[in-house]
Amino acid sequence: MARKGEKRGRACVVVLGDIGRSPRMQYHALSLARQASLEVDIVAYGGSEPHSAVLEHQSIHIHKMPQWPAFPRGLPSILKPFVLLLKPVVQFIVLLWYLCIKISAPDVFLVQNPPSVPTLVAVKWASWLRQSAFIVDWHNFGYTLLALSLGRSSRFVAIYRWVEWQFGRMADGSLCVTRAMQHELAQNWGIKATVLYDQPPEFFRPASLEEQHKLFYRLDKNLRQPLGVEDCTSTGTGEVVNKDMHETLFTSLVGADIASKPNRPALIVSSTSWTPDEDFGILLEAAVMYDRRVAAILNEDDSKKEEVLWKEMQSGKQYLYPRLLFVITGKGPEKEKYEEKIRRLKLKRVAFRTAWLSAEDYPLLLGSADLGVCLHTSSSGLDLPMKVVDMFGCGLPVCAVSYSCIKELVQVEKNGLLFSSSSELADELLMLFKGFPDACDSLKVLRNGALDMSSSVRWATEWEEHAKGLILEVISGNLA
C-alpha cells in the first residue's frame, strides 16, 4: 500500500468489449483498487452499465472508446472482406490512442483475451512505448471463437492464431481460468500461466424473502407479460399491475410476513450471450418435452383447453409437477430469432421471458431462483462459464451442458447436473421438480451443495491468493 504522501501506483484494465458485460475485468479493477491500493483506469467500450461498486469507487476511472459501427444493411458482399480487414486497423489506432495519450502511464496493463486482434498487439506496443508491464488474462482462445464462423481451416483463423500466440508469449505474466487451459498454454504455447478461478464477489448471495418480494414486485409487469399471446403465468393477470405490494407471482405479503406461494411457478434462470456457441434450441426442445411428458404422466385429456388448466393453476390448485417460468437474461445476435420460436410454441406448463437486468438486480434474480441452466459449450473446451460461478455464489444449483473441463466447476449430484441433449435436460427437470415446492428432495440436495459452495471461496480471497502476488511481482520487475 502507498504511504501517505507517496504517489499511488497505477494499473490499466483493457477490454475490447462492453465493460458492463465483462464482470471478471470489473472484479479485477475492484481488487486492484481495493486490495493492491492502485489507481485504476479501465479502457473499454460502453453499452451496459457496470456494477455500482465499480462506478462509485474513487480510484477507478472508466474511459469509453467509440465503437466500430455495425455492418450497414445491404452492404455488397464484395466489400465485406475489405471491411473485415479495415475494422481491426481502426480499432488498433483508437486503442493505441487511448492507451498512449488519453490515460496516465500505468505501471501495468491487464488485458482480457479474447479478443486477441488487435488487442494484444496494441497493448504490447503501448507497454513498450510507456515502459509499462503487460499481463494477459486468458479467458479463452480468440482463434477458436473466430473458427466458429469461418471454420478451423480458414487462413484468417491461422493468421489470428499466430498473432495470438506470438503476442501472448510477449506478456510479462499470464493468468487463466482453468487448469486445462494452463496445461494447454504450457504444453503448446510455451506460456506459463497462473490459474485464477472465477469466484463470485460479495454481492452474489442468496436473497432473503423480503428482497425476493421487492424484486418480484419491480419485475411483476415483465414477468406476467408473455412473449406470445398468453401462457400459464400470464392468463387473467396480463394487464394487472399490483400497486399495494401485497402480492407477486411468487410471493405474498400477509400482515408483516412475506411467504412464498405454494402454487407458484418454479423459477429457472438461464443467462446467455445468444451466440452460436450456446445452442438455445436445446432448452426449447427440453421445455416442449417436459410439457408433454407431464401431461402424459398426469393422464390429461388432450381436449382439455389450456385456459381451463391455467384458471385451475391461478386459483391455487397444485399438481405433482409445477409450471416452469424460464427467465432468459442477456443480449446477443440470435435473441430475436429465438424469441420468434418461443412465440410459436404452444405449451401448457412452461413460459419464457427474456430480460436484461441491471448489475444490481441480476444477483438478486439468481438468489431468488430455483434452478439455473447453462448452455455454454466453450469454443476451445478449456474455459468455464462465469454465469455458473455467479449462480453458485447465490446458492443456486445448476444444470449445465457437459464438455471437457466443466467438472472443474460442476460437481455432479452435489451442486448440479450435466446433460448432453434436450432429452437428458427434460429428464432432469422432471426429476428435480417432482413434488415442487416442498417435496422435491433431489433439488434440495443440489441446493444445499450450491449453498455450501456459496459460503466458501469468494473473488477477493481467490484474487489475493493467486493474482495479487503475480501482478505486484511483475510491476516490481518492470520498475527494477
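Is Ser378 buried or exposed? In this predicted model, Ser378 counts as buried, since its relative accessibility is 9%, and the cut-off for that label is under 20%. The residue sits in a loop, the one between strand E13 (371-374) and helix H14 (386-393). Its backbone is worth a look too: phi of Ser378 is near 75 degrees, a positive value in a residue other than glycine. Most residues other than glycine have a negative phi, and most peptide bonds are trans.

Another serine tells a similar story. Ser37 is found in the loop between helix H1 (23-34) and strand E2 (39-45). Here phi is near 55 degrees, again positive in a residue that is not glycine. Ser37 is also buried, at 9% relative accessibility.

Next come the peptide bonds that go against the usual trans form. The bond from Asn113 to Pro114 is cis, with omega near 0 degrees. The bond from Val117 to Pro118 is cis as well, with omega near 5 degrees. Where do you find Pro114? Look in the loop between E4 and H4. Pro118 lies in the loop between E4 and H4 too.

That loop leads on to the sheet. Seven strands form an open sheet, and reading across it gives the order E3-E2-E1-E4-E5-E6-E7, with parallel pairing. Strand E3 (60-65) and strand E7 (194-195) stand at the edges, each with a single partner strand, so one side of each has no neighbour in the sheet. What holds such strands side by side is a general matter: strands of a sheet pair through backbone hydrogen bonds, either parallel or antiparallel.

Now let's walk through part of the sheet, beginning at E1. Strand E1 (residues 10-18) pairs with E4 in the parallel sense, over four bridges. Within this pairing, Cys12 has Phe109 in E4 as its bridge partner. On to the next pair: strand E4 (residues 108-113) and E5 run parallel and share six bridges. Phe109 turns up again here, standing opposite Phe134 in E5. To get from E4 to E5, the chain goes through helix H4 (residues 119-129), and this β-α-β crossover is right-handed. E5 is then joined to strand E6 (residues 173-176) by four bridges, and these two strands run parallel. In that pairing, Trp138 stands opposite Cys176 in E6.

How many of the residues of strand E5 (residues 133-138) are buried? The count is six of six, so to speak of E5 as mostly covered is fair, because buried means under 20% relative accessible area. The side chains split between two directions: Ala133, Ile135 and Asp137 point one way from E5, while Phe134, Val136 and Trp138 point the other way. Whichever way they point, all of them are buried.

The cysteines come next. The structure holds zero disulfides. Cys100, for one, is in no disulfide, as the nearest cysteine sulfur, that of Cys12, is 10 Å away. Cys100 is buried, with a relative accessible area of 18%, which falls under the 20% cut-off. Why does Cys176 not form a bond with Cys405? Cys405 holds the closest cysteine sulfur, but the sulfur of Cys176 is 11 Å from it, and that is too far for a bond, because a disulfide needs two cysteine sulfur atoms within 2.5 Å. Cys176 counts as buried, at 0% relative accessibility.

Met25, in helix H1, is also buried, with a relative accessible area of 0%. Met25 and Phe204 are 179 residues apart in sequence, and their C-alpha atoms are 16 Å apart in space.

Finally, the outside of the model. Phe82 has its place in helix H3 (residues 80-102). With a relative accessible area of 53%, Phe82 is exposed, because that label is given to residues over 50%. Phe82 helps to make a nonpolar surface patch of about 430 Å², together with Leu86, Val89, Val90 and Ile93.

Note on methods:
Residues numbered from 1 in each chain as written. Predicted model: local features only at pLDDT ≥ 70, side-chain atom pairs only at ≥ 80, totals over all residues. Heavy atoms only, no water. Patch = residues over 30% accessible without salt bridge, like charges linked within 9 Å, V, L, I, M, F, W, Y side chains within 5 Å. Areas by Shrake-Rupley, 256 points an atom, 1.4 Å probe, with all protein chains shown as cover. Salt bridge = Lys/Arg side-chain N within 4 Å of Asp/Glu carboxyl O. Buried < 20%, exposed > 50% of the residue type's maximum accessible area, 1.4 Å probe, protein only. Pairing = 2+ DSSP bridges. Right-handed = clockwise from strand over helix to strand, strands pointing away.
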